[in-house]
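Please examine the structure shown below, following first a pair of packed helices and then a pocket.

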Amino acid sequence: MTNGILLALIAYASYSFNDAVVKSLGGQFTVFEIGFFSTLFAGFFLLFTRLNGERWRDFWRTKRPWAVQARAWAGIASGVLSVYAFTTIPLAEAYALIFLAPLCVTILSTLILKEKVGPWRWLAVVAGFAGVMLVVRPDFREMHLGHLAAFGVAFLAAASIILMRSLAAGEKRTTMLGVLIGYGLFFNGIGAAATSFTLPDARQLTWLVLSGAFTSCGQLLQLMAVKYAPANRIAPTHYSQIVWAVILGALFFQEYPDFLSLVGLAIVGGSGLLTMVREEARLGTVRWNPFSRTRL
C-alpha cells in the first residue's frame with residue numbers, strides 16, 4: 001500500500017507542476033491557446049496509457065452518450081476557467097477555491113442524488129467555506145474574475161464527479177478521456193482562432209509539451225497507484241497539492257501566503273479530509289474522489 005500512496009503523491013505533484021507551467025505561460029498566450037496545446041500534448045502522451053482490453057479507436061462507442069458528453073463539456077469549461085484562474089490569481093488562492101469541489105459534491109448530492117447528509121459533513125462544508133474566506137479575505141483584498149473562475153472550477157468539478165458516479169461502472173476510461181480530448185481540441189481550437197493565435201517559439205513550445213507531459217504523467221501514476229492501494233487510502237494525497245501550491249508559488253512567482261492564509265488552507269484541507277472520512281464511514285469507500293482528473 002505504501003507504493004500506491006507514494007505513486008499518488010508523485011501524481012498530484014505532477015499535476016501541480018502542470019498548473020505552475022500554465023501559470024508561467026499567462027500573458028504569452030490566450031486562455032484558449034494554452035488550453036489547446038496543453039490538451040493536444042496531454043492527449044498525445046495519454047495514447048500510451050490505455051487500459052488492457054480498451055482501444056482508443058472505439059472511444060466514441062458510449063452507452064450513455066448524453067451523460068458522457070455532459071461530463072466532457074463540464075471538463076472543458078473547467079479547463080478553460082482553471083487556466084484563467086491560474087494565470088490571474090496566486091496559486092494558493094486558486095487551489096483554496098478549487099478544493100471546495102468535494103464540499104460542492106456534498107451540496108449537489110443532496111439536491112440531485114437526494115442523498116442524506118449528516119451534521120458532520122455539513123460542518124465540513126461550513127468549515128471549508130470559512131477556510132476559503134481566510135485565504136481570499138474579500139473585505140481586505142481586491143477580488144478578481146480569477147477568483148470567480150476558480151470557484152467555477154470547483155463547481156464544475158463537483159458536477160463532473162456526480163456524473164462520473166453514474167458513468168464509472170458502464171463506460172470505458174478511453175471513452176471518458178477520448179471524448180474530453182476531442183471536444184477540448186475542438187472548442188479551444190475555435191477559441192484560439194477566433195481571438196489571437198500566436199505561434200509559440202521553441203522555448204514556449206517546450207513548456208507547452210511539458211504541460212501535457214505533466215498531466216499525462218499524473219494520469220498514468222494514478223492508474224498505477226490504484227493497483228497498489230485502495231482508493232480510500234489514496235484520496236487524502238489529493239490535498240498534498242495545497243503544499244505544492246505554497247512551495248511553487250513562493251519559488252517561482254514570489255507569492256508568499258501570510259499566516260491567516262496558511263491557516264485557511266489547512267482548514268480547507270481538513271474539511272475535505274473530514275468529508276472523505278464521513279463518506280468512508282457511511283459508504284465504505286470514497287466516491288467523490290475520481291481516479292483521474294476531471295480536466296486536462
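In this predicted model, the axes of helix H4 (residues 91-98) and helix H6 (residues 119-136) come within 9 Å and cross at roughly 165°. Angles over 145 degrees count as roughly antiparallel, and H4 and H6 are therefore roughly antiparallel to each other. The crossing in which H4 passes H6 is left-handed. On the H4 side, the contact is made by Ala92, Glu93, Ala96 and Leu97, while H6 contributes Val132, Val135 and Val136. By residue class, this contact of H4 with H6 comprises six nonpolar residues, no polar residue and one charged residue. Because Glu counts as charged, the charged member of the contact is Glu93 of H4.

The second topic is empty space. Rolling a probe the size of a water molecule over the atoms shows where such space is left. The second largest pocket of the model holds about 180 Å³ of space. Helix H1 (2-24), helix H9 (202-228) and helix H11 (240-253) each supply at least two residues of its lining. Of the elements involved, H1 gives the most to the lining of this pocket, with four residues.

Which residues line the second largest pocket? The lining consists of Phe17, Ala20, Val21, Ser24, Leu25, Gln28, Arg203, Trp207, Phe214, Leu248, Phe252 and Phe253. These residues of the lining divide into nine nonpolar, two polar and one charged. Since Arg counts as charged, the charged residue of this lining is Arg203. Ser24 and Gln28 are the two polar residues of the lining.

Note on methods
Residues numbered from 1 in each chain as written. Predicted model: local features only at pLDDT ≥ 70, side-chain atom pairs only at ≥ 80, totals over all residues. Heavy atoms only, no water. 1 Å grid on protein atoms, 1.4 Å probe; cavity = no way out; pocket = protein on both sides within 12 Å on 5 of 7 lines; lining within 4 Å. Points joined across faces, edges and corners; volume = space filled by probe spheres on them. Axes fitted to C-alpha atoms, helices over the stretch in contact; angles between N-to-C directions. Parallel < 35°, antiparallel > 145°, perpendicular 65-115°, else oblique. Left-handed = near helix turned anticlockwise from the far one by under 90°. Contact = heavy atoms within 4.5 Å.
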